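Thank you for making time this morning. I would like to walk you through one part of a structure, going slowly enough that you can follow along on the screen.

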Amino acid sequence: MRCRVFRARATESIAMSFAPLTHRVMVLVEVELADGSVGVGESWANYPSWAWRERIATIHEGIAPRMRGRHFPDPATAQRALLAELVPLGRQWGAPGPIHQAVSGVDMALWDLAARHRGVALAQLLTPHPRTELPAYGSSLGPTGVAEVAHRCAALGLTAVKVKVGFDADTDLANVRTARRILGDGVQVFADANQAWGPTEALRMVPALADLGVTWVEEPLAGDDPRALAELGRRTGMPLATGENLYGAAAFLPYLEAVEILQPDLGKVGGVTEYLDILAAAQAAGRTVNPHLYNGAVATAATVQAGAISPATRLIEWDVRANPLRQAADGLLTTHGTVRVPDRPGFGIDLDQDQLDAYEEQLP
């Protein structure tokens, strides 16, 4: 098992309601089997700025010794064995997130291997008739430069966008108005508060966003409590979305009745294995699963593959800001507002090592 870290300083201002994103990060996990075949996965490590250092230690010292020399019949069995051993440590550590994020990268790599061994794309491994294109929405508008990014979304042919909110009411509403003015009434507009609001502020902001034609609001409440979300949805009539900060499929169960849209992140939640369990539960409950995606090339390709297996996925998130660590997957975005699902084995993309060399951290 090998862990490689790539970091690129952001060339545009990327701000969330809780902190700016100063660097693009891609933590690659490479798993080699006894026959010499190699699968690649990606672990989410955008925040905090030192998360990649922790991830290296968890993968090299926590996961690798538990994997070497072991035999598993399939990726899901390996993933569940890892979680069974590591979740109790994460509980004592107070860090269930980093444990799941690290396991996500390994699980992703094992599914990449499974698909490659069958000679098919991951989506074809998971379902006999995957979709070949998926509608996409442009993510990362705001809090500054909204007009410029909205024009970029229009040029890409995107028919839906998401505006970052949770800064202050005047800024938030002005940014939504700007996006709507530039993109027109034919484009859906969503809003993402990144858990910035308490109940009182959310009850004030969500109706104001609805008046501007916002279709759904993501993570409106600090704490992300499912009962509070359900109450906010009842009182405002606004469809709500959440899930990027939930770990493991079981954590999603209380949200099936609280929100309309579930957003697991394959690089955080526990990988493809956990995503499949969430998808099955959401399908049974009649909920939408639009995966969260704000990562490098490997997680992007894996998310597109996973999104292609079910009509429960209505949209794929596409970060429209520059990201050199996603270059190998950028060609998946079409000119008519969709992403193409690769049909080559595994995740269907090839990393350009020469292009990535400039961004690789030299690890001890």
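I will begin with a strand and its neighbours, and then turn to the aromatic side chains.

Please keep in mind throughout that this is a predicted model. The strand I want to start from is S7, which covers residues 214-218 and is mostly covered, since four of its five residues are buried. On one side, S7 pairs with strand S6, residues 188-192, in the parallel sense and over three bridges, and if you look for a particular contact between these two strands, you will find that Asp192 has Glu218 of S7 as its bridge partner. To get from S6 to S7, the chain passes through helix H7, residues 199-211, and this β-α-β crossover is right-handed.

S7 also pairs with strand S8, residues 240-242, to which it runs parallel and is joined by two bridges. Here Glu218 appears again, standing opposite Ala241 in S8. The connection between these two strands involves helix H8, residues 226-236, and together S7, H8 and S8 make a β-α-β unit that is right-handed.

Let me move on to the aromatic rings. How many aromatic pairs does a search of the whole structure find? The search finds three, and I will describe two of them. One is formed by Tyr137 and Phe190, whose arrangement is edge-to-face, with 5.4 Å centre to centre and 85° between the planes. Because Tyr137 lies in strand S4, residues 133-141, while Phe190 lies in strand S6, this pair ties together parts that are 53 residues apart in sequence. Both Tyr137 and Phe190 are buried.

The other pair brings us back to S7. Why does the pair of Phe190 and Trp216 count as stacked? The ring centres are 4.1 Å apart and the planes stand at 15°, and planes under 30 degrees apart count as stacked. With Phe190 in strand S6 and Trp216 in strand S7, the pair therefore ties together parts that are 26 residues apart in sequence. As for their surroundings, Phe190 is buried, with a relative accessible area of 1%, and Trp216 is likewise buried, with a relative accessible area of 5%. Taken together, Tyr137, Phe190 and Trp216 form one aromatic cluster.

There is one further ring contact that I would like to point out before we discuss this. The charged end of Lys268 sits over the ring of Trp44, at 3.8 Å from the centre of that ring.

Methods: Residues numbered from 1 in each chain as written. Predicted model: local features only at pLDDT ≥ 70, side-chain atom pairs only at ≥ 80, totals over all residues. Heavy atoms only, no water. Buried < 20%, exposed > 50% of the residue type's maximum accessible area, 1.4 Å probe, protein only. Pairing = 2+ DSSP bridges. Right-handed = clockwise from strand over helix to strand, strands pointing away. Phe/Tyr/Trp six-rings, centres within 6.5 Å; stacked < 30°, edge-to-face > 60°. Lys NZ or Arg CZ within 6 Å of the ring centre and 35° of its normal.
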